[in-house]
Amino acid sequence: MPELITPQDFAAFGITFPDNLRSAVPKRRAEYLAGRKCAQQALLQFGIKNVQVGTGENRAPVWPPGVLGTITHSNNLALAMVTRIGTCRGIGADIENFMSQQQELELKDLMVYPGEQQQFALLSRQIVCPLTLVFSAKESIFKALYPSVNQYFGFEAAALTGFNENCLWFTITTALSDRVPAGSNLTVWYQLFDGWLLTECQF
């Protein structure tokens, strides 16, 4: 249980307990531990052992040389993905519980921008949790693009332009960096399962 997580639990799993978690709430400690353990397991697939995935600027994970990765967690689930540098410029994943119907209605105008309204309306006819899906997709886009942008940007920077039963398509609406010009197109893959959804983006 999250409230029972202690620094000793980090040591038992071979994860360094960071100073910035000493005053964190138990839920945040548990999420960090689960995410970093998933990251270690993912790195083992490349034969990379006993590496600490630290935290850099803007709370982004710091991966070992030659590797790109992403970590996501929500409530009692955590996941990490890694790939070799050279296969892509960035990778992002996000896992979310479905928002309630009331939350989707209340938050829609904060997350869906005018240029997306038509596609979002079509998506709403196909998906039980359209806003959760778009929110998660944009989280994955942010993580995938961050290594090429190195600064925060808002959800309005990526506009939903289409979808099918497996993918969402987005277009970058404003230049974010030399490597991410306006008009860049991105694909986000998604899966829905048991009240959860997972999105993943590569750039």
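Two strands count as paired if DSSP finds at least two bridges between them, and the strands themselves are DSSP runs of E with at least two residues, as helices are runs of H or I with at least four, both numbered from the N terminus. The model is predicted, so local features need pLDDT of at least 70 and side-chain atom pairs count only at pLDDT 80 or more, whereas totals for chains, interfaces and linings use all residues. Residues are numbered from 1 along each chain as its sequence is written, and side-chain values use heavy atoms, with hydrogens and water left out.

**Exercise 1. Determine in what order the 5 strands of the open sheet stand, and which helices pack on the sheet.**

Step 1. The strand order is 5-9-8-7-6, with antiparallel pairing. Strand 5 (91–97) and strand 6 (158–163) are the edge strands, and because each has a single partner strand, one side of each is left without a neighbour in the sheet. From one strand to the next the twist averages 25°, where axes are lines fitted to C-alpha atoms, for helices over the stretch in contact, and angles between N-to-C directions run from 0 to 180 degrees.

Step 2. Strand 6 is joined to strand 7 (residues 167–172) by 5 bridges in the antiparallel sense, and within this pair Ala 159 has Thr 171 of strand 7 as its bridge partner.

Step 3. Helix 4 (residues 117–124) packs on the sheet and touches strand 6 and strand 7, its direction making about 45° with that of strand 6; contact here means heavy atoms within 4.5 Å. Helix 5 (residues 130–149) also packs on the sheet, touching strand 5, strand 6, strand 7, strand 8 (185–193) and strand 9 (196–202), and its direction makes about 155° with that of strand 5.

**Exercise 2. Decide whether Glu 31 is buried or exposed, and describe the hairpin that holds the residues it touches.**

Step 1. Glu 31 belongs to helix 2 (residues 26–44), and its relative accessibility of 12% is why Glu 31 counts as buried (under 20% relative accessible area is buried, over 50% exposed, and in between partly exposed, with a 1.4 Å probe and protein chains only).

Step 2. Leaving aside residues up to four places away in sequence, Glu 31 touches His 73 and Asn 75. His 73 has Ala 78 in strand 4 as its bridge partner, while Asn 75 lies in the turn of the hairpin formed by strand 3 and strand 4, with a positive phi of about 55°.

Step 3. The hairpin has 2 residues between its strands, and strand 3 (residues 67–74) pairs with strand 4 (residues 77–84) in the antiparallel sense over 8 bridges.

**Exercise 3. Describe the lining of the largest pocket, giving the elements that contribute to it and the classes of its residues.**

Step 1. On a 1 Å grid over the protein atoms alone, a pocket is an open set of points with protein on both sides within 12 Å along at least five of seven lines, and lining residues have an atom within 4 Å of a point. Grid points are joined across faces, edges and corners, and a volume is the space filled by probe spheres set on the points; the largest pocket holds about 990 Å³.

Step 2. Its lining has 35 residues, of which Arg 59, Pro 61, Ile 71, Glu 139 and Lys 143 lie nearest the centre. Helix 2, strand 2 (61–62), strand 3, strand 5 and helix 5 each give two or more residues, and the largest share, 8 residues, comes from strand 3.

Step 3. By class, the lining of the largest pocket has 16 nonpolar, 10 polar and 9 charged residues (Ala, Val, Leu, Ile, Met, Phe, Trp, Tyr, Cys and Pro count as nonpolar, Asp, Glu, Lys and Arg as charged, and the others, Gly among them, as polar).

Note on methods. On a 1 Å grid over the protein atoms alone, a cavity is a set of points where a 1.4 Å probe fits but cannot get out, and a pocket is an open set with protein on both sides within 12 Å along at least five of seven lines; lining residues have an atom within 4 Å of a point.
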